[in-house]
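Work through the exercises below with the structure open beside you. Try each task before reading the solution that follows it.

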Amino acid sequence: VRIGILGGGQLARMLVLAGVPLGIQFRVWDPKKDASAGQIAEQLTAEFSDPQAIKQFVSGLDFVTYEWENVPAKLAETIAQEVPAFFPPHSALKIVQDRFTQKEFFKKNKIETADFSAIESLDDLKNATAKMGLPALLKTRTEGYDGKGQVLIRKTSEIEAASKKLFGKKQILEKFISFDRELSLVAVRSKNGQTAFYPLVENLHQEGILRTTLAPAASTKRLQAQAEKVARLLFKELNYVGVLTIEFFQQGSKLLANEIATRVHNSGHWTIDGAETSQFENHLRAGIGAALGSTRVIKPTAMINLIGNLPDQLLSENGIHLHLYGKTPAPGRKLGHINILGKSLKDLQARVKKLRGKLAV
Ligand code: AMP
């Protein structure tokens, strides 16, 4: 089996690492010469706008998937026509690439989410904030990630500055949610309709970047069923194949969908060591129509992202599973992660606290 991956970052790298033992061969497409996945798989180095590159990329491939959600929708559609199978569906990609169409899609399907409004001018913003109330978040509709392209508006006097900051970009205003916790669900649906769900996990962010995931999240008995219901609905509406991630805000007994990712996700990295089958392996199994692997949790697991620089002597820590992405350190850059398995959630929380201090992450 030969699978092509659009984008050659760490997600592609971890897909390759999961697929090689299954006998899968990979080709990744990334414009950057030193792409993380290109270090361990065949790479096509070309701009995504290069029409000649498409033929070269698809040649001999059985399946194509993607790790980068900003793959131009038109390119995804063209490639989907050139290969036997493309997953997750490019139509789903198109919906989630724009925060506004994504939220409209939630609304249409009665999935609870924060109030939102499309913004095209300063007047729009003034009207929307008056109607919605403050605080609110102004975000770019496309290409925002890790908290980039977002401005918090706390009071009326901050409206103009926020508008200026994102000037020239299509925007969406969202009501600021004071949530109890951020949770996410990694779910997977196979080509043959089989589904599987990992437990809800708790995500801790700083400056809009995911720092730590605790898996499973504590006390989620009722919430798990709610979250899976949303995933099933999305699977059906999107005619979905592959891993799908839903980020939620928890408010009491309620879950509000923040956003979905039609791909493997940072909050699922714990599954490499903490679950019987990783999200990466299950994504591939789903796409090629194999039976899905068990999502059973082996032990409570914490994932800590290594951001900006790499602490020394990580491997000398007992019981740490280290995953490096082969990237050059830069401020705010995700360079790798560690997974730690604990006897219990409590034991794990204590270890994470100690480690975070020690690692200064
Ligand atoms: P996003 O890029 O939309 O996932 O946002 C990154 C992070 O910003 C989220 O994980 C939250 O911590 C925070 N955030 C985003 N949207 C909201 C919101 N409507 N209310 C409160 N916090 C938010």
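**Exercise 1. In this predicted model, determine whether His283 is buried or exposed, and describe its surroundings.**

Step 1. The relative accessible area of His283 is 1%, and since buried means under 20%, His283 is classed as buried.

Step 2. To place the residue along the chain, note that His283 belongs to helix 10, which covers residues 279-288.

Step 3. Setting aside neighbours within four places in sequence, the residues in contact with His283 are Leu15, Thr65, Phe87, Pro88, Gly242, Val243 and Val264.

Step 4. One of these residues, Val243, also offers a polar partner, for its backbone nitrogen is 2.9 Å from a polar atom of the His283 side chain.

**Exercise 2. Find which strands pair with strand 14, and describe how strand 14 is covered.**

Step 1. Strand 14 comprises residues 242-251 and is mostly covered, with nine of its 10 residues buried.

Step 2. Strand 10 (residues 181-189) runs antiparallel to strand 14 and is joined to it by nine bridges; within this pairing, Val186 stands opposite Thr245.

Step 3. Strand 15 (residues 254-261) also pairs with strand 14 in the antiparallel sense, here over seven bridges, and Phe249 has Leu256 of strand 15 as its bridge partner.

Step 4. The connection between strand 14 and strand 15 is a hairpin with two residues between the strands, and Gly252 in the turn has a positive phi of about 60 degrees.

**Exercise 3. Classify the ring geometry of the pair Trp29 and Phe48 and of the pair Phe100 and Phe116, and state where each ring sits.**

Step 1. A pair of aromatic rings is described by the distance of the centres and the angle of the planes. The count for this structure comes to 10 aromatic pairs.

Step 2. For Trp29 and Phe48, the centres are 5.1 Å apart and the planes make an angle of 40 degrees, which is a tilted arrangement.

Step 3. Trp29 is found in strand 2 (residues 25-29), whereas Phe48 is in the loop between strand 3 (42-44) and helix 2 (51-58), so this pair ties together parts that lie 19 residues apart in sequence.

Step 4. Trp29 is buried at 0% relative accessibility, and Phe48 is buried as well, with a relative accessible area of 13%.

Step 5. For Phe100 and Phe116, the distance is 5.9 Å centre to centre and the planes are 70 degrees apart, so the pair is edge-to-face, because an angle over 60 degrees counts as edge-to-face.

Step 6. This second pair links distant parts of the chain, with Phe100 in helix 5 (residues 99-108) and Phe116 in strand 6 (residues 116-119), 16 residues apart. Phe100 is buried with a relative accessible area of 18%, and Phe116 is buried at 15%.

Step 7. Finally, Trp29 and Phe48 belong to one aromatic cluster together with Phe57 and Trp68.

**Exercise 4. For the salt bridges Arg263 with Glu69, Lys236 with Glu237 and Glu281 with Arg285, give the N to O distance and the exposure of each partner.**

Step 1. Side chains of opposite charge can pair when their charged atoms come close. A search of the whole structure gives 19 salt bridges.

Step 2. In the bridge between Arg263 and Glu69, the N to O distance is 3.1 Å. The partners are 194 residues apart, Arg263 being in the loop between strand 15 and helix 9 (271-274) and Glu69 in the loop between strand 4 (63-66) and helix 3 (73-82).

Step 3. Arg263 is buried, at a relative accessible area of 13%, while Glu69 is partly exposed, at 22%.

Step 4. Between Lys236 and Glu237, the closest N and O atoms are 3.9 Å apart, and this value still qualifies because the cut-off is 4 Å. Lys236 is exposed at 64% relative accessible area, and Glu237 is partly exposed at 36%.

Step 5. Glu281 and Arg285 meet with an N to O distance of 2.8 Å. These two are four residues apart in helix 10, so about one helical turn separates them; Glu281 is buried at 18%, and Arg285 is partly exposed at 22%.

Step 6. Elsewhere, a network of salt bridges links Arg2, Arg27 and Glu42.

Notes. Residues numbered from 1 in each chain as written. Predicted model: local features only at pLDDT ≥ 70, side-chain atom pairs only at ≥ 80, totals over all residues. Heavy atoms only, no water. Buried < 20%, exposed > 50% of the residue type's maximum accessible area, 1.4 Å probe, protein only. Polar contact = N/O pair within 3.5 Å; in protein donor to acceptor, adjacent residues only side chain to side chain. Contact = heavy atoms within 4.5 Å. Phe/Tyr/Trp six-rings, centres within 6.5 Å; stacked < 30°, edge-to-face > 60°. Pairing = 2+ DSSP bridges. Salt bridge = Lys/Arg side-chain N within 4 Å of Asp/Glu carboxyl O.
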